[in-house]
Amino acid sequence: MRLLGLAVLLLARLGSAQVTFTLDDVSAQIASFQQDLANATLSSRSGLLSGCSLACGFLDFALPSQISYPNSTAFELEQSHYWSQQQELTQPACRFSPSNTLDVSLAILTLRVAQCEFAVKSGGHAAFEGASNIQGGMTIDLVNLNELSVRSDNAQTSVGAGLVWYDVYTQLQPLNLSVIGGRVSAIGVGGLTLGGGISFFSGRYGWACDNVNNYEVVLADGSIREVSYSTYPDLYFALRGGGNNFGIVTRFDLMTFPQGDLWAGSETFIYTEETAAAINNAFFYLGVNAPSDPFAQVILAYAYAQAEDLYIIASDLQYGKPVVNPPILQNFTAVPGAVASTLRITDLVDLTIEFNNTNPGGFRQTYWTLMVENSASLMADMVAIYMDEVNPIKGVAGIVPSLVFQPITTDMISHFTKNGGNALGLAGQGPLNLVQIDISWSNESDDAAVLAAAENILDRAQAAAVAQGLSNPYIYQNYASFKQDVFAGYGAQNLAKLQATSKKYDPAQVFQTLQPGYFKLF
Ligand SMILES: Cc1cc2nc3c(=O)[nH]c(=O)nc-3n(C[C@H](O)[C@H](O)[C@H](O)COP(=O)(O)OP(=O)(O)OC[C@H]3O[C@@H](n4cnc5c(N)ncnc54)[C@H](O)[C@@H]3O)c2cc1C
């Protein structure tokens, strides 16, 4: 009979918008649940539970069908939706899939009462183990927070935090609308937006975190807040780059703009020093010239093709209008010798699917990153370092090692100060070059060799940048490895602001200690 209390409480809370549970409510209900277990009034389980068994068991009772356990179909299906093998092979005690924001609130308080460690997953594209899955803990999978609605003036789209960008773009494209989001269809809205978020349209609007009008967030005390620049400016600042440190975002209200077709695709070259020099030069001048045309963007990747045993250069060009070969990108298209090209008039859905196909899931993965000043000669030095470190591991089964450059233009950065600014610490800088080391391979037995090579590339590239006076302390959270100190790279002042905001909104430090994965503030 005691457990009826929870049902009554749930119904009462569901009937009143934004009223949530308290820690005391949930503590009392869990005590009652335990008592009934002890009295063996619940037939399915017996004996007292603790830790994650208690958290999983209680939520399974309170919110039937939203908890799944290992070896069940629901559990294994959700486990298969991680991009990297490291995350997929991580086994939580249970997975919880909330169907609404109030469920998330109940879960946070339950986890606190039971002292069960947890992780939160949106699109599951963070590469390293523990980022959005947790061994032996509870993984909150936001997959069912999947609603999307466009405001009647077409200027804002509200997006559930469990959606991936494919879901968003396929619904907006028929309306000739878009938002600032990922360039690969299967990436999650949650992780990309909370870490920064570079889009094909960032020259015009900034990063994803600069284009969230409002966040619906569940805080550590179970309260549900609507966070905008006008409601909670400190928390709003913190969510613009602060990752998973402040709460669980359940809905993002995204600035929305008209968008039609674009001209985009990839040109592939066999690596030669001459070709590399010409393309690096084009990259340098794009950084310089970008303010004349913010519709252009480039992703420049050096990669090793194992089957052919050669290095290639992929020059991914995007122009945000259906204009073939616009002047701003002609330094790239003038480089002779492309062996393949997918450049075409296309649309966002098609382009993000193309990019998704070149980034398959299911492999072991590692990402590392650094930021440097815009310099073609430094790029050449970094490519030489990359090849020097990749050559000894060319034989690793299934290896695909890439060194990727992206111009972070002054146009992009000019939007970083919108609405009180973001937390990234880059305002007023640029043009910069965001460097990413990205390696995938097949077998765990090769982890040590691959990770050592990746770290060496990073350290040596950083040393080269420092030696030439071209280094920058910023570390992009969405590309960082578990070994990198992301928030130190935001600058001492921003880090102090983030830490103060964390203490203010999460005095028990739930998101620092009970959710140990990914990048922490302390
Ligand atoms: C193939 C590929 C392509 C990429 N392309 C781009 C790109 O175009 N632009 C770019 O900027 N980045 C890109 N990235 C990097 C990407 O932004 C990060 O990997 C990002 O973390 C993925 O978000 P996710 O939701 O899929 O990941 P997840 O692994 O689900 O989440 C990442 C982190 O965010 C936290 N988190 C997620 N949602 C929430 C939430 N709602 N509330 C609180 N915490 C949350 C998780 O707990 C986890 O710690 C790419 C990555 C890959 C693998």
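These questions and answers walk through a predicted model, from its ligand site to its helices and loops.

Q: Which residues does the UniProt annotation "domain: FAD-binding PCMH-type" cover?
A: The name comes from an unreviewed UniProt entry. Over the annotated stretch the chain is 24% helix and 24% strand. The end C-alpha atoms of that stretch are 35 Å apart. The annotation covers residues 88-259.

Q: How many residues surround the ligand?
A: The closest ones are V120, S132, R183, I198 and Y476. By type, the shell divides into 17 nonpolar, 14 polar and two charged residues. In total, the residues around the ligand number 33.

Q: Which element gives the most residues to the shell around the ligand?
A: β3 (118-121), α8 (189-195) and β10 (248-255) each supply at least two residues of this shell. One of them gives four residues, and that is the most. The element is α8.

Q: How much of the ligand's area does the protein bury?
A: Start with the backbone contacts. A backbone N or O atom of I198 lies 2.7 Å from a ligand oxygen, and one of G123 lies 3.0 Å from a ligand oxygen. A polar backbone atom of H125 is 3.1 Å from an oxygen atom of the ligand. Taken alone the ligand exposes 950 Å², and the share buried by the protein is 98%.

Q: Is D25 buried or exposed?
A: D25 sits in helix α2 (residues 23-38). Its side chain reaches the backbone nitrogen of T22 at 2.9 Å. Buried means under 20% relative accessible area. D25 has 18%, so it counts as buried.

Q: What distance separates the end C-alpha atoms of helix α14?
A: Helix α14 runs over residues 376-390 and has 15 residues. Many of its side chains are hidden from view: among the buried residues are A376, L378, M382 and Y386. At 1.5 Å a residue the helix should span 21 Å. The model agrees, because the end C-alpha atoms are apart by 21 Å.

Q: What distance separates the end C-alpha atoms of helix α3?
A: Helix α3 holds twelve residues, 51-62. Its buried residues include C52, L54, C56 and F58. At 1.5 Å a residue it should span 16 Å. The value in the model agrees with this: 17 Å.

Q: How far apart in space are Q156 and P473, C-alpha to C-alpha?
A: Q156 lies in strand β6 (residues 156-160). It is buried, with a relative accessible area of 12%. In sequence, Q156 and P473 are 317 residues apart. In space, their C-alpha atoms are apart by 34 Å.

Q: How far apart in space are T410 and E444, C-alpha to C-alpha?
A: T410 belongs to helix α15 (residues 410-414). It is partly exposed, at 29% relative accessible area. T410 and E444 are 34 residues apart in sequence. The C-alpha to C-alpha distance is 41 Å.

Q: What form does the peptide bond from G430 to P431 take?
A: P431 is in the loop between α15 and β19 (432-441). The bond leading from G430 to P431 has omega near -5°. Its form is cis.

Q: Is N71 buried or exposed?
A: N71 lies in the loop between β1 (67-68) and α4 (73-79). It has a positive phi of about 80° although it is not a glycine. Its relative accessible area is 72%, and exposed means over 50%. N71 is therefore exposed.

Conventions:
Residues numbered from 1 in each chain as written. Predicted model: local features only at pLDDT ≥ 70, side-chain atom pairs only at ≥ 80, totals over all residues. Heavy atoms only, no water. UniProt positions renumbered as here; feature names shortened; annotations may be inferred. Expected span 1.5 Å × (residues − 1). Buried < 20%, exposed > 50% of the residue type's maximum accessible area, 1.4 Å probe, protein only. Near = heavy atom within 4 Å. Polar contact = N/O pair within 3.5 Å; in protein donor to acceptor, adjacent residues only side chain to side chain. Areas by Shrake-Rupley, 256 points an atom, 1.4 Å probe, with all protein chains shown as cover. Nonpolar A, V, L, I, M, F, W, Y, C, P; charged D, E, K, R; others polar.
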